[in-house]
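Me: I'd like to practise reading a model feature by feature. Walk me through this one, please, with the general idea before each case.

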Amino acid sequence: MTAPRWLDPLLGNLGDVAGELEQRGGAVAALQRVRNPRRASVLILFDGDPSASGPTPPEDATVLLIQRASALRQHAGQVAFPGGARDPEDADDVAVALREAWEETGLDPESVEVVAELDPIEVPVSGFRVIPVIGFAARPSEVHVVDPGETALVRRVPLAELIDPAHRFMVRKSFYRGPAFAVGPMLVWGFTGGLMNALIGAAGWERPWNTDDVRPLTDEVRAAAARAQTWQETLR
């Protein structure tokens, strides 16, 4: 199984992703560098109709995201791609991404076709050098919260929600300013928001959205918490 044709525009333009990520966070953030960074990987897992041949994602296309538990000491409540630090027993960066996704979401690694690896991206705030691994699942396995102490929510987010201009804006906090997405109960921002923004742009999926709509991060975190409460109530 190879990647579906609707992923071809992204896979053929991965160089633009790294360039876009270098500009994230504003001029002050760009000056930061990681000293002796730890190596980590994240899994960017797409699924959707593998027979769709157009340049845009099919209606059922999704990407796998998690929301970290609110009690964590670092990155509490933030939305991320599944992933984490490399362990000594990990064979390579792909193995890290698949292991972490299994530990966090119960994802069956055998269901994933790895289609690309991006160049390492420095994340100064966490001290990691992150390798994004892009995968595709023609037959997605079941996913769920494995450890509630680590993960609050696991969700396959429709790409249509992420691409929709109505769900897109900028957030700011101190010197940081970057793209964000309000998708269901999730607020996607920071490294993950920047990476998702770069992926959508590199793939040519972007629709014009208001980049002058800059909102305080604290306001959007509160709004996401309210959406999450409503979301949970609808599941009962």
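Reply: Start with burial: a residue is buried under 20% relative accessible area, exposed over 50% and partly exposed in between, using a 1.4 Å probe and protein chains only. Before the cases, note that this is a predicted model, where local features need pLDDT of at least 70, side-chain atom pairs count only at pLDDT 80 or more, and totals for chains, interfaces and linings use all residues. Residues are numbered from 1 along each chain as its sequence is written, and side-chain values use heavy atoms, leaving out hydrogens and water.

Me: Is T62 buried or exposed?

Reply: T62 counts as buried, because its relative accessibility is 10%. It sits in strand 2, residues 62-68. Strands (E, at least two residues) and helices (H or I, at least four) are DSSP runs, numbered from the N terminus.

Me: Which residues does T62 touch, not counting those up to four places away in sequence?

Reply: A contact is a pair of heavy atoms within 4.5 Å. On that basis T62 touches L45, F46 and D47, along with R156, V157, P158 and L159. As for distance, the C-alpha atoms of T62 and A160 are 8.0 Å apart in space, with their positions 98 residues apart in sequence.

Me: And what share of the contacts in the chain comes from residues 24 or more positions apart?

Reply: They make up 68% of the contacts with a separation of 6 or more. The chain has 236 residues, and 47% of them count as buried. Its inventory is seven helices and 12 strands.

Me: Sheets next. In what order do the four strands of the open sheet run?

Reply: The general idea first: strands of a sheet pair through backbone hydrogen bonds, either parallel or antiparallel. Here two strands count as paired if DSSP finds at least two bridges between them. The order is 11-10-9-12, with mixed pairing. Strand 11 (186-188) and strand 12 (214-216) are at the edges with a single partner strand each, so one side of each has no neighbour in the sheet. On average, neighbouring strands are turned by 40° against each other, direction ignored; axes are lines fitted to C-alpha atoms (for helices, over the stretch in contact), and angles between N-to-C directions run from 0 to 180 degrees.

Me: In which sense does strand 9 pair with strand 12?

Reply: Strand 9 (residues 168-173) pairs with strand 12 in the parallel sense, over three bridges. Within strand 12, R215 stands opposite V171, and P216 stands opposite R172. With strand 10, strand 9 pairs in the antiparallel sense over six bridges, and K173 has Y176 as its bridge partner there.

Me: What is the phi of S174?

Reply: Most residues other than glycine have a negative phi, and most peptide bonds are trans. S174 has a positive phi near 55°. This residue belongs to the hairpin of strands 9 and 10, which has two residues between the strands. S174 counts as exposed, because its relative accessibility is 74%.

Me: Now the helix. Which strands of the sheet does helix 6 touch?

Reply: Helix 6 (residues 190-203) packs on the sheet, touching strand 9, strand 10 (176-183) and strand 11, and its direction makes about 75° with that of strand 10. From first C-alpha to last, helix 6 spans 20 Å over 14 residues, close to the 20 Å expected at 1.5 Å a residue, where the expected span is 1.5 Å times one less than the number of residues. Because 13 of its 14 residues are buried, helix 6 is largely enclosed by the rest of the structure. One of its residues is T192, which touches L65, V79, A80 and F81, not counting residues up to four places away in sequence. Just after helix 6, G204 takes a positive phi of about 80°.

Me: What does the UniProt record say about residues 180-205?

Reply: The unreviewed UniProt entry annotates them as "transmembrane region"; positions follow the numbering used here, feature names are shortened, and annotations may be inferred rather than shown by experiment. In the model, that stretch is 54% helix and 27% strand, and its end C-alpha atoms are 16 Å apart.

Me: One more: which residues is L217 in contact with, beyond four places in sequence?

Reply: V171, R172, K173, L187 and W189. L217 lies in helix 7, residues 217-235, and counts as buried because its relative accessible area is 5%.
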